[in-house]
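Visitor: I'd like a close look at one part of this model, the ligand surroundings. Could you walk me through them?

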Amino acid sequence: MNAPPSPRSATHRSSRATARVGPLIATHDPALVLDVDALLDDRSRAIIVCCGSGGVGKTTTSASLALRAAERGRKVVVLTIDPARRLAQSMGIEALDNTPRPVPGVDPAAGGSLDAMMLDMKRTFDEVVQSQASPEKARQILDNPFYIAVSSSFAGTQEYMAMEKLGQLDQDARASGRWDLIVVDTPPSRSALDFLDAPERLSSFLDGRFMKLLLVPARGPARLMTAGFGMVTNAITKIIGAQVLQDMKAFVAAFDTLFGGFRQRAQRTFELLQDRRTAFLVIAAPEPDALREAAYFVERLREESMPLAGLVVNRASSAADGSLSSHAAMTGVEKLRSAGQGDGLAVGLLRLHADRLVVVEREKRLTRRFATSHPDVPTAVLPALSTDVHDLDGLRRIGDLLGAQMGHSSDQQGA
Amino acid sequence: MSAQHNESPSPGQPHFPGVQLHIVTGKGGTGKTTVAAALALALASRGKTVLLCEVEGRQGIAQLFDVPPLPYEERLIARGPAGSGDAYALAIDAESALLEYLDMYYRLGRAGKALDRFGVVEFATTIAPGVRDVLLTGKVYEAANRNRRNKGARHYDAIVMDAPPTGRIAQFLNVNNELAGLAKVGPIKSQADTVTTLLRSPRTAIHLVTVLEEMPVQETGDGIAELRGGGLPVGGVVVNMVRPQDLDADERKHLLEDDVDRGELVHRLEQAGVPTDELLVEALVEEGRHHAERRRLEDSQRELVEMLDAPSYELPRLPGGVDMAGLYELAEALAQGGLA
Ligand SMILES: Nc1ncnc2c1ncn2[C@@H]1O[C@H](COP(=O)(O)OP(=O)(O)OP(=O)(O)O)[C@@H](O)[C@H]1O
Ligand SMILES: Nc1ncnc2c1ncn2[C@@H]1O[C@H](COP(=O)(O)OP(=O)(O)O)[C@@H](O)[C@H]1O
Ligand SMILES: [Mg+2]
Ligand SMILES: [Mg+2]
C-alpha cells in the first residue's frame, strides 16, 4: 500500500509546476491500443473512474462503458453527474434522488445488471453531516447560512461529493454484493485535476489557518490570540460585515468536531483510488486544451500511484477515404468551376472532403503528439457520431466502437 | 420570427452601439475565449480603445494570442492600422483585486499584510462564496468607469469580458443576490450593489456562445431565461463552429435517402480530373451522408436558437483550428454580422 496522501499546497493544484514526465526520446512504436473489453471483463477491477476536462464526453463514455459491462455479465452501478436531459430520461434517472435505480432496457442475457444514479451534491453533503453529528448539532449546521452557501456553491464541493458517493457505493457494494463494478463519471470541471484536488482544497479550507483563527476566541484564553487578530477581525468586518463573520464563527464552531471525520473519509477514498481494484480512464477531445489537460492528468496519476487504464480520444473526426488528398480535391473543384460547373453535388462533396481531411490531419497530429510524450498510455479513438447520444441504442453504439478498437489499427475509422 | 429579423439593421451596422461592457458566456468549450477575443478585435477595428479581460486564471487570452502569461496589468495586445483602435488585455485575479481594493478604499497598509498572513486573502478569494466574484466584477467596473480627466488612467470605449460558463454566469453576476443573503451589510455588499447597477444597465450586454448541439443550445436557453429573470441585459447568441454549407437541401435529401445519381456524380468527378473508382465514390457519398445528418441536427438546433428572441451571429468552424489569421477572420464575421 502506498503512503497516505500528503496535504497539498496551493501550487500543487496544477501539475504545470511539476517536472514533465515522458520518454525523453521519442520511440517509433505504434501507439498502444486500449483493450476496452479486457478492462470491462477483468473481475479484479471493481471501479472505473472517467476523468477529463468539461464537455469531452465523460458522461457519455461512462454510461456506455457501464452498459457494455452490464451486457457482458457484470453487475454494474454507474454514478453520473450531469447527464444531458434526454440521456437521463432514457436511463430512468431524471429524478435527482441520490439512489441507484435499475436502468430499463438492459439485456440481462449474460447475467449482468445495470443500476444508475445522478449525484445530488447538496444532499450528499447533508447526509454526511447527518451521519457524523447528533441530530441537534446537524440541524445547527444545516441551517447555517454559511454552510448553505458552501454546500451548494463552493467550487469543488461537487468533486468532493462525487468522491464521497464513490466511497459509499463501494462500501455498499462490498457489504451487499449488489454490484461488482462501479463506473464513475466526474464533474464538468475545467480541469481533470480538480477531481483529485477538490477534497484537499475543501479540507484545507475547513481546516485552514483562518478558520482556526475564528475558533480561537470561542475556545479560550486571550493569550492564544496574536496581536494582529483584532486588527484582522476589524478589517474583515469592514469588508464583509459583522453578520457574515458571526455566521462563519457559528459554522466553524459547530463543524469543528466533525472535521476529523470528514478528513478521514476523504483520505479513505483517496486510498481507494490508489488501489489496484480501481482503473482510471482519461477522456479527451482531439483539441489542444483537452489533450494538454489529459497529459497533466496522466502525469499526476503516476505521481499519486493511481492506476491508469488508458486514454479515450472522443469525438474524433474521420474521413472515409484517405486516397484523395485535400489538395487534389480542391484542384478538382477549381477545374469544375472553370468549366462552369461551380455548384452541384460533386463540387460540394469534394469541398467537404478537403475540409474534413484538414480537420482529420490536425486531430491526428495532436493525438500523435500526446502518444509521443506518453508512449505507454493505451489509447482508444472514438469517432464523433453525427447525432447526439441520448438513448441506450446510442450508448450501445459507442460501446461497440470502444470494443472494436482491437480489430482496427490506431488509424481513425468508422462512422 | 427571431429578433434578428425584427430588428434587421443594415449589414455592417453595429447592433449594440450604446454598449460599453460586453460579457461573453456560454457552455464550456463552445468558444467563449475565442469569441471574446474576436469581438475585442472587431470593436477595435471600429476605432475603439478596447480592454479584453479574463477572470478565471486560465491565461486563455495569452495562449490564443501566443504571448507570455498576462499579469494583473493592462497590456497592449493588438494594434491595428491607422484609424483603428487598440486592444489591451488584462488577466484579473481575485487576490490582486482584493489587495488593490483594500489599498484604494482603506489604505490598509499593515493590516493588509496581516490579512495575507492569516490566510484571509486566500480565504476571501478562493472560498468565501460570492466575495471572489464581486472582486472580479468590481475590477471590471473600475475599468469601465474611468474618467478621461484622471491622469494616466486609460479610458476604454469598450470592455469585453471572457466570463465564466453559462452554468455559473448568473451567480457570478450576482443575479440571485447570493452574496446579499450572506453579507447583508458592509462595503462588499455596497460594492456588489454598485456593480449590479452597471450590469443591469443598457451599458452592458451579455452574449452567449453556443454550438448547434442539443446540450449547449439547451443551456443557452436556460441561461437566457435566468439572466432575463434577474434583470440582466441579454445581447446576442453567437453560434460558433457552424459546419460548411456546401450542400444544398436537395443534395442533402438525396444523400440521406441514399438515392444519389451515381452516374452523374462519376461524370462530374471525371470532369474534375479526380479518380472515380467505386471505393472513392462511395467514400465521398458516405462522407456526404454523414455531413447531411450533422446538418440536420444543426438545422433543428438552429430553429431552437431562433426562438430565443435574441439576435444570432454565426461563425464557421475553421478546419485548421484558430490561429491569429483565423481570429481575424472570425472578428471580420462578427463585424459584418453587426455584433461589433
Ligand atoms: N470557429 C472556430 N473554428 C474552429 N475551432 C474553434 C472555433 N472556435 C473555437 N474553436 C476551438 O475550440 C476550442 C475551444 O475554444 P475556447 O477555448 O475559445 O472555448 P471556451 O468556451 O473559452 O472554453 P472553456 O470553457 O474551456 O473556457 C479551442 O481549441 C478553439 O481553438
Ligand atoms: N462520440 C460522440 N459522438 C457524438 N456525440 C457525442 C459523442 N460523445 C459525446 N457526445 C455528445 O456530446 C455532448 C457532451 O457529452 P457529455 O458526455 O455530456 O460530456 P461531459 O460529461 O464530458 O461534459 C452530449 O450531447 C453527447 O451526446
Ligand atoms: Mg458530464
Ligand atoms: Mg475559455
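Where does ligand 2 lie with respect to chains A and B?

Guide: Sure, and keep in mind that this is a predicted model. Ligand 2 lies between chains A and B. Which elements build its shell? Two or more residues each come from α2 (58–71) and β7 (308–316) of chain A, and also from α11 (214–229) of chain B. Of these, α2(A) has the largest share of the shell around ligand 2, with three residues. In total, 20 residues surround ligand 2, and the closest are G57(A), K58(A), T59(A), T60(A) and L385(A). Sort the shell of ligand 2 by character and you get nine nonpolar, six polar and five charged residues.

Now for ligand 1. Its surroundings draw on residues from chains A and B, so this site is shared between chains. Here 22 residues surround the ligand, and G28(B), G31(B), K32(B), T33(B) and T34(B) are the closest. As for elements, chain A brings α12 (288–303), while chain B brings α2 (32–45) and β7 (234–242), each supplying at least two residues of the shell around ligand 1. The biggest contributor is α2(B), which gives three residues. By character, the shell around ligand 1 holds seven nonpolar, ten polar and five charged residues.

If you want a place to start in the viewer, go to α2(A) for ligand 2, as it gives the largest share of that shell, and to α2(B) for ligand 1, as it gives the most there.

Key:
Residues are numbered from 1 along each chain as its sequence is written. Chains are lettered from A and ligands numbered from 1 in the order in which they are written. This is a predicted model: local features need pLDDT of at least 70, side-chain atom pairs count only at pLDDT 80 or more; totals for chains, interfaces and linings use all residues. A residue is near a molecule or strand if its C-beta atom, placed from the backbone, lies within 6 Å of it. Helices (H or I, at least four residues) and strands (E, at least two) are DSSP runs, numbered from the N terminus. Ala, Val, Leu, Ile, Met, Phe, Trp, Tyr, Cys and Pro count as nonpolar, Asp, Glu, Lys and Arg as charged, and the others, Gly among them, as polar.
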